[in-house]
Amino acid sequence: MEEMTCPVTGCMIWSPVIKNEKFSRYLSDFRELNLLGKGAFGCAYKCQHKIDQNFYAIKMVPIGGLNKMSFETVIKEVHAMCKLEHSNVVRYYTSWVEPPTFGISEDSSSQQPDVPHLYIQMELCERSIEDLLREDGKLDKKTYWKIVMGIMQGLEYLHGKGFIHGDLLPCNVFLLHDGEPKLGDFGLAKSFDAERELKDLKAAKDITVEMLRAIDPNLKNDLNKTAKKIFEGLWNKKLSITASKIVEKMHLTSQM
Ligand SMILES: Nc1ncnc2c1ncn2[C@@H]1O[C@H](COP(=O)(O)OP(=O)(O)OP(=O)(O)O)[C@@H](O)[C@H]1O
(Lines give C-alpha, C1' and ligand atoms only; values in the text may rest on other atoms or scores of the structure.)
Protein backbone atom coordinates (compact mmCIF):
# COMPACT_ATOMS: atom_id res chain seq x y z
CA MET A 1 0.00 0.00 0.00
CA GLU A 2 1.41 3.35 -1.03
CA GLU A 3 1.55 6.48 1.04
CA MET A 4 -1.44 8.80 0.70
CA THR A 5 -1.31 12.58 0.76
CA CYS A 6 -4.16 15.01 1.21
CA PRO A 7 -5.09 16.45 -2.21
CA VAL A 8 -5.79 19.83 -0.61
CA THR A 9 -2.90 20.32 1.82
CA GLY A 10 -0.33 17.94 0.35
CA CYS A 11 0.30 16.53 3.84
CA MET A 12 0.74 12.83 4.33
CA ILE A 13 -2.44 11.32 5.78
CA TRP A 14 -1.56 7.66 5.47
CA SER A 15 1.64 5.69 5.60
CA PRO A 16 1.99 1.90 5.35
CA VAL A 17 4.00 2.08 8.55
CA ILE A 18 0.78 2.93 10.41
CA LYS A 19 -0.76 -0.23 9.02
CA ASN A 20 1.43 -2.33 11.24
CA GLU A 21 0.18 -0.68 14.35
CA LYS A 22 -2.54 -2.52 16.20
CA PHE A 23 -4.06 0.61 17.69
CA SER A 24 -7.48 1.71 16.44
CA ARG A 25 -8.74 5.09 17.57
CA TYR A 26 -12.22 4.11 16.51
CA LEU A 27 -12.27 0.95 18.63
CA SER A 28 -10.40 2.52 21.48
CA ASP A 29 -12.51 5.68 21.83
CA PHE A 30 -15.97 4.71 20.62
CA ARG A 31 -18.69 2.16 21.17
CA GLU A 32 -20.36 1.45 17.86
CA LEU A 33 -24.14 1.27 18.28
CA ASN A 34 -25.82 0.94 14.92
CA LEU A 35 -25.57 1.62 11.22
CA LEU A 36 -27.14 4.95 10.25
CA GLY A 37 -26.96 4.33 6.55
CA LYS A 38 -24.77 3.76 3.53
CA GLY A 39 -23.63 6.38 1.06
CA ALA A 40 -21.84 6.25 -2.25
CA PHE A 41 -18.42 6.14 -0.58
CA GLY A 42 -18.95 4.47 2.77
CA CYS A 43 -21.15 3.97 5.80
CA ALA A 44 -22.11 6.08 8.79
CA TYR A 45 -22.54 4.68 12.29
CA LYS A 46 -24.12 5.91 15.48
CA CYS A 47 -21.38 5.73 18.12
CA GLN A 48 -20.94 6.67 21.74
CA HIS A 49 -17.70 8.17 22.95
CA LYS A 50 -16.35 6.09 25.80
CA ILE A 51 -15.23 9.07 27.86
CA ASP A 52 -17.59 11.99 27.19
CA GLN A 53 -20.57 9.60 26.73
CA ASN A 54 -21.96 11.70 23.89
CA PHE A 55 -23.44 10.17 20.78
CA TYR A 56 -21.88 10.94 17.40
CA ALA A 57 -22.26 10.01 13.76
CA ILE A 58 -19.03 8.57 12.42
CA LYS A 59 -18.67 8.23 8.72
CA MET A 60 -16.23 5.57 7.53
CA VAL A 61 -14.88 5.80 4.02
CA PRO A 62 -12.44 3.25 2.57
CA ILE A 63 -10.32 5.93 0.91
CA GLY A 64 -7.65 3.48 -0.20
CA GLY A 65 -10.15 2.02 -2.65
CA LEU A 66 -11.34 5.28 -4.18
CA ASN A 67 -10.33 6.76 -7.51
CA LYS A 68 -8.68 10.19 -7.54
CA MET A 69 -11.88 12.12 -8.11
CA SER A 70 -13.87 10.38 -5.38
CA PHE A 71 -10.93 10.69 -2.99
CA GLU A 72 -10.85 14.44 -3.61
CA THR A 73 -14.61 14.71 -3.12
CA VAL A 74 -14.38 13.05 0.28
CA ILE A 75 -11.40 15.12 1.43
CA LYS A 76 -13.02 18.34 0.21
CA GLU A 77 -16.11 17.52 2.26
CA VAL A 78 -13.90 17.47 5.35
CA HIS A 79 -12.21 20.71 4.34
CA ALA A 80 -15.59 22.40 3.89
CA MET A 81 -17.11 21.04 7.11
CA CYS A 82 -14.20 22.03 9.34
CA LYS A 83 -14.65 25.69 8.39
CA LEU A 84 -18.32 25.78 9.33
CA GLU A 85 -19.86 26.37 12.72
CA HIS A 86 -23.52 27.23 12.84
CA SER A 87 -26.59 25.92 14.62
CA ASN A 88 -28.12 24.97 11.27
CA VAL A 89 -25.11 23.14 9.89
CA VAL A 90 -24.10 19.62 10.95
CA ARG A 91 -21.18 20.05 13.31
CA TYR A 92 -17.83 18.55 12.42
CA TYR A 93 -15.59 17.33 15.24
CA THR A 94 -12.57 15.65 13.72
CA SER A 95 -11.30 13.17 11.18
CA TRP A 96 -8.49 10.65 11.01
CA VAL A 97 -7.20 7.78 8.90
CA GLU A 98 -6.47 4.32 10.22
CA PRO A 99 -6.39 0.74 9.03
CA PRO A 100 -9.81 -0.87 8.58
CA THR A 101 -11.46 -1.89 11.80
CA PHE A 102 -12.09 -5.61 11.91
CA GLY A 103 -14.56 -7.40 14.09
CA ILE A 104 -17.35 -4.90 14.56
CA SER A 105 -18.65 -3.19 11.47
CA GLU A 106 -19.49 -6.08 9.19
CA ASP A 107 -20.94 -3.67 6.66
CA SER A 108 -17.96 -1.41 6.31
CA SER A 109 -15.00 -3.72 6.76
CA SER A 110 -16.37 -6.39 4.48
CA GLN A 111 -16.53 -3.89 1.61
CA GLN A 112 -12.83 -2.97 1.54
CA PRO A 113 -11.00 -5.05 4.13
CA ASP A 114 -7.44 -4.09 3.22
CA VAL A 115 -7.44 -0.37 2.59
CA PRO A 116 -7.05 2.60 4.92
CA HIS A 117 -10.29 4.17 6.07
CA LEU A 118 -11.08 7.81 6.69
CA TYR A 119 -13.20 8.37 9.80
CA ILE A 120 -15.23 11.57 10.07
CA GLN A 121 -16.73 12.34 13.48
CA MET A 122 -19.84 14.53 13.25
CA GLU A 123 -22.82 15.66 15.23
CA LEU A 124 -25.46 12.94 15.33
CA CYS A 125 -28.80 13.90 13.80
CA GLU A 126 -32.04 12.08 14.43
CA ARG A 127 -33.42 11.94 10.91
CA SER A 128 -33.49 13.76 7.60
CA ILE A 129 -36.13 15.85 5.85
CA GLU A 130 -36.51 12.88 3.54
CA ASP A 131 -37.60 10.76 6.53
CA LEU A 132 -39.97 13.51 7.58
CA LEU A 133 -41.53 13.72 4.12
CA ARG A 134 -41.97 9.96 4.08
CA GLU A 135 -43.91 10.04 7.30
CA ASP A 136 -47.67 10.51 7.37
CA GLY A 137 -49.46 13.40 8.95
CA LYS A 138 -49.32 17.14 8.75
CA LEU A 139 -46.72 19.44 10.20
CA ASP A 140 -47.93 22.05 12.60
CA LYS A 141 -47.26 25.63 11.60
CA LYS A 142 -44.57 26.19 14.24
CA THR A 143 -42.56 23.13 13.21
CA TYR A 144 -42.94 24.01 9.56
CA TRP A 145 -41.57 27.51 9.99
CA LYS A 146 -38.80 26.35 12.30
CA ILE A 147 -37.56 24.07 9.53
CA VAL A 148 -37.95 26.63 6.75
CA MET A 149 -36.25 29.43 8.68
CA GLY A 150 -33.50 27.11 9.95
CA ILE A 151 -32.63 26.01 6.43
CA MET A 152 -32.61 29.62 5.27
CA GLN A 153 -30.32 30.66 8.10
CA GLY A 154 -27.99 27.73 7.48
CA LEU A 155 -27.81 28.63 3.79
CA GLU A 156 -27.27 32.26 4.53
CA TYR A 157 -24.35 31.36 6.80
CA LEU A 158 -22.93 28.96 4.23
CA HIS A 159 -23.05 31.52 1.45
CA GLY A 160 -21.59 34.16 3.74
CA LYS A 161 -18.66 31.82 4.34
CA GLY A 162 -18.17 31.55 0.60
CA PHE A 163 -19.62 28.09 0.03
CA ILE A 164 -22.40 26.83 -2.11
CA HIS A 165 -23.83 23.54 -0.98
CA GLY A 166 -24.53 22.23 -4.46
CA ASP A 167 -26.46 19.14 -3.37
CA LEU A 168 -29.28 20.38 -1.25
CA LEU A 169 -31.69 17.48 -1.22
CA PRO A 170 -34.16 16.34 1.44
CA CYS A 171 -31.79 13.48 2.37
CA ASN A 172 -28.97 15.98 3.03
CA VAL A 173 -30.85 18.18 5.45
CA PHE A 174 -31.10 16.62 8.88
CA LEU A 175 -33.36 17.28 11.84
CA LEU A 176 -32.54 17.20 15.52
CA HIS A 177 -35.13 15.83 17.93
CA ASP A 178 -36.25 19.40 18.71
CA GLY A 179 -36.97 19.98 15.00
CA GLU A 180 -33.91 22.18 14.36
CA PRO A 181 -32.73 21.59 10.78
CA LYS A 182 -29.05 21.00 9.97
CA LEU A 183 -27.49 21.20 6.55
CA GLY A 184 -25.25 18.21 5.93
CA ASP A 185 -23.39 16.25 3.26
CA PHE A 186 -20.92 18.77 1.89
CA GLY A 187 -19.41 16.40 -0.65
CA LEU A 188 -20.33 18.69 -3.52
CA ALA A 189 -19.84 21.99 -1.72
CA LYS A 190 -17.81 24.53 -3.65
CA SER A 191 -16.27 27.74 -2.49
CA PHE A 192 -16.90 30.91 -4.39
CA ASP A 193 -15.43 34.38 -4.08
CA ALA A 194 -17.74 35.78 -1.41
CA GLU A 195 -15.72 39.02 -1.18
CA ARG A 196 -16.16 39.77 -4.83
CA GLU A 197 -19.84 38.84 -4.83
CA LEU A 198 -20.39 41.02 -1.79
CA LYS A 199 -18.58 43.94 -3.41
CA ASP A 200 -20.83 43.58 -6.44
CA LEU A 201 -23.83 43.62 -4.19
CA LYS A 202 -22.68 46.71 -2.34
CA ALA A 203 -21.86 48.47 -5.60
CA ALA A 204 -25.42 48.04 -6.76
CA LYS A 205 -27.73 50.80 -5.54
CA ASP A 206 -31.31 50.03 -4.56
CA ILE A 207 -30.95 46.27 -4.63
CA THR A 208 -34.13 44.50 -5.56
CA VAL A 209 -34.92 40.82 -5.29
CA GLU A 210 -34.63 40.54 -9.08
CA MET A 211 -31.19 42.16 -9.06
CA LEU A 212 -30.01 39.87 -6.32
CA ARG A 213 -31.20 36.90 -8.29
CA ALA A 214 -29.26 38.07 -11.30
CA ILE A 215 -26.11 38.97 -9.37
CA ASP A 216 -25.71 35.82 -7.40
CA PRO A 217 -26.23 32.70 -9.49
CA ASN A 218 -24.59 30.54 -6.82
CA LEU A 219 -27.11 31.58 -4.28
CA LYS A 220 -29.87 31.12 -6.78
CA ASN A 221 -28.73 27.59 -7.48
CA ASP A 222 -28.90 26.47 -3.84
CA LEU A 223 -32.13 28.33 -3.22
CA ASN A 224 -33.91 27.01 -6.26
CA LYS A 225 -32.93 23.48 -5.44
CA THR A 226 -34.06 23.99 -1.87
CA ALA A 227 -37.34 25.45 -2.95
CA LYS A 228 -38.05 22.71 -5.40
CA LYS A 229 -37.01 19.63 -3.51
CA ILE A 230 -37.42 20.53 0.11
CA PHE A 231 -39.91 23.32 0.52
CA GLU A 232 -42.32 21.95 -2.01
CA GLY A 233 -42.19 18.63 -0.19
CA LEU A 234 -42.87 20.32 3.10
CA TRP A 235 -45.38 22.56 1.43
CA ASN A 236 -47.44 19.51 0.45
CA LYS A 237 -47.52 18.64 4.11
CA LYS A 238 -48.89 22.00 5.09
CA LEU A 239 -50.30 24.14 2.37
CA SER A 240 -49.97 27.56 3.91
CA ILE A 241 -47.52 29.38 1.65
CA THR A 242 -46.39 29.07 -1.94
CA ALA A 243 -42.86 27.91 -2.73
CA SER A 244 -42.18 31.12 -4.62
CA LYS A 245 -43.07 33.18 -1.54
CA ILE A 246 -40.55 31.18 0.47
CA VAL A 247 -37.84 31.81 -2.12
CA GLU A 248 -38.73 35.50 -2.11
CA LYS A 249 -38.38 35.57 1.66
CA MET A 250 -35.07 33.76 1.43
CA HIS A 251 -33.72 36.34 -1.00
CA LEU A 252 -34.82 39.16 1.23
CA THR A 253 -33.12 37.54 4.23
CA SER A 254 -29.89 37.15 2.29
CA GLN A 255 -29.83 40.88 1.54
CA MET A 256 -29.41 41.75 5.21
N1 LIG B 1 -24.56 13.49 10.97
C2 LIG B 1 -25.38 12.48 10.69
N3 LIG B 1 -26.32 12.08 11.57
C4 LIG B 1 -27.15 11.05 11.27
N5 LIG B 1 -27.11 10.35 10.14
C6 LIG B 1 -26.20 10.70 9.23
C7 LIG B 1 -25.28 11.77 9.45
N8 LIG B 1 -24.48 11.89 8.36
C9 LIG B 1 -24.88 10.93 7.51
N10 LIG B 1 -25.90 10.21 8.02
C11 LIG B 1 -26.61 9.11 7.37
O12 LIG B 1 -25.65 8.13 7.01
C13 LIG B 1 -25.89 7.63 5.72
C14 LIG B 1 -24.63 7.69 4.90
O15 LIG B 1 -24.23 9.04 4.77
P16 LIG B 1 -23.25 9.51 3.65
O17 LIG B 1 -23.01 10.95 3.85
O18 LIG B 1 -22.10 8.57 3.62
O19 LIG B 1 -24.00 9.24 2.32
P20 LIG B 1 -25.25 9.92 1.64
O21 LIG B 1 -25.47 11.27 2.22
O22 LIG B 1 -26.41 8.97 1.70
O23 LIG B 1 -24.85 10.02 0.16
P24 LIG B 1 -23.57 10.50 -0.59
O25 LIG B 1 -23.19 9.26 -1.24
O26 LIG B 1 -24.10 11.57 -1.50
O27 LIG B 1 -22.55 11.02 0.36
C28 LIG B 1 -27.05 8.42 5.14
O29 LIG B 1 -28.19 7.60 5.19
C30 LIG B 1 -27.23 9.58 6.05
O31 LIG B 1 -28.58 9.85 6.26
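A residue is taken to be near the ligand if one of its heavy atoms lies within 4 Å of the ligand. In this predicted model, 16 residues surround the ligand, and those that come nearest are Ala40, Lys59, Glu123, Cys125 and Asp185. Three of these residues place a polar atom by the ligand. In the case of lysine 59, a polar side-chain atom is found 2.7 Å from an oxygen atom of the ligand. Glutamate 123 takes part through its backbone, a polar atom of which is 2.8 Å from a ligand nitrogen atom. Cysteine 125 likewise contributes a backbone N or O atom, at 3.0 Å from a nitrogen atom of the ligand. On its own, the ligand has 600 Å² of accessible area, of which the protein covers 79%.

The aromatic residues were examined next. Six aromatic pairs were found in a search of the whole structure. One of them joins tryptophan 96 to tyrosine 119 in a stacked arrangement, with 5.3 Å between the ring centres and an angle of 5° between the planes. The pair counts as stacked because planes under 30 degrees apart are classed in this way. Tryptophan 96 belongs to strand β6 (residues 92–98) and tyrosine 119 to strand β7 (residues 117–123), so their pairing ties together parts that are 23 residues apart in sequence. Both residues, tryptophan 96 and tyrosine 119, are buried. They are also members of one aromatic cluster, which is formed by Tyr26, Phe30, Tyr56, Tyr93, Trp96 and Tyr119.

Charged side chains also meet aromatic rings. The ring of tryptophan 96 has the charged end of arginine 25 over it, 4.3 Å from the ring centre. In a further case, the charged end of lysine 46 sits over the ring of phenylalanine 55, at 5.1 Å from its centre.

The nonpolar interior was then considered. In soluble globular proteins, nonpolar side chains tend to be buried together. In the model, the largest nonpolar core holds 42 residues, among which Ile63, Leu118, Ile151, Leu183 and Phe186 touch the most other members. Two or more residues of this core come from each of the strands β5 (55–61), β6, β7 and β10 (173–175), and from each of the helices α3 (68–81), α5 (129–134) and α6 (141–160). The element that gives the most to this core is α6, with eight residues. A second core, separate from the largest one, has 10 residues, including Tyr26, Tyr45, Tyr56 and Tyr119. Tyr26, Tyr56 and Tyr119 are thus named both in this second core and in the aromatic cluster.

Note on methods. Residues numbered from 1 in each chain as written. Predicted model: local features only at pLDDT ≥ 70, side-chain atom pairs only at ≥ 80, totals over all residues. Heavy atoms only, no water. Phe/Tyr/Trp six-rings, centres within 6.5 Å; stacked < 30°, edge-to-face > 60°. Helix = DSSP H or I, 4+ residues; strand = E, 2+ residues; numbered from the N terminus. Buried < 20%, exposed > 50% of the residue type's maximum accessible area, 1.4 Å probe, protein only. Lys NZ or Arg CZ within 6 Å of the ring centre and 35° of its normal. Polar contact = N/O pair within 3.5 Å; in protein donor to acceptor, adjacent residues only side chain to side chain. Areas by Shrake-Rupley, 256 points an atom, 1.4 Å probe, with all protein chains shown as cover. Core = buried A, V, L, I, M, F, W, Y, C linked by side-chain atoms within 4.5 Å.
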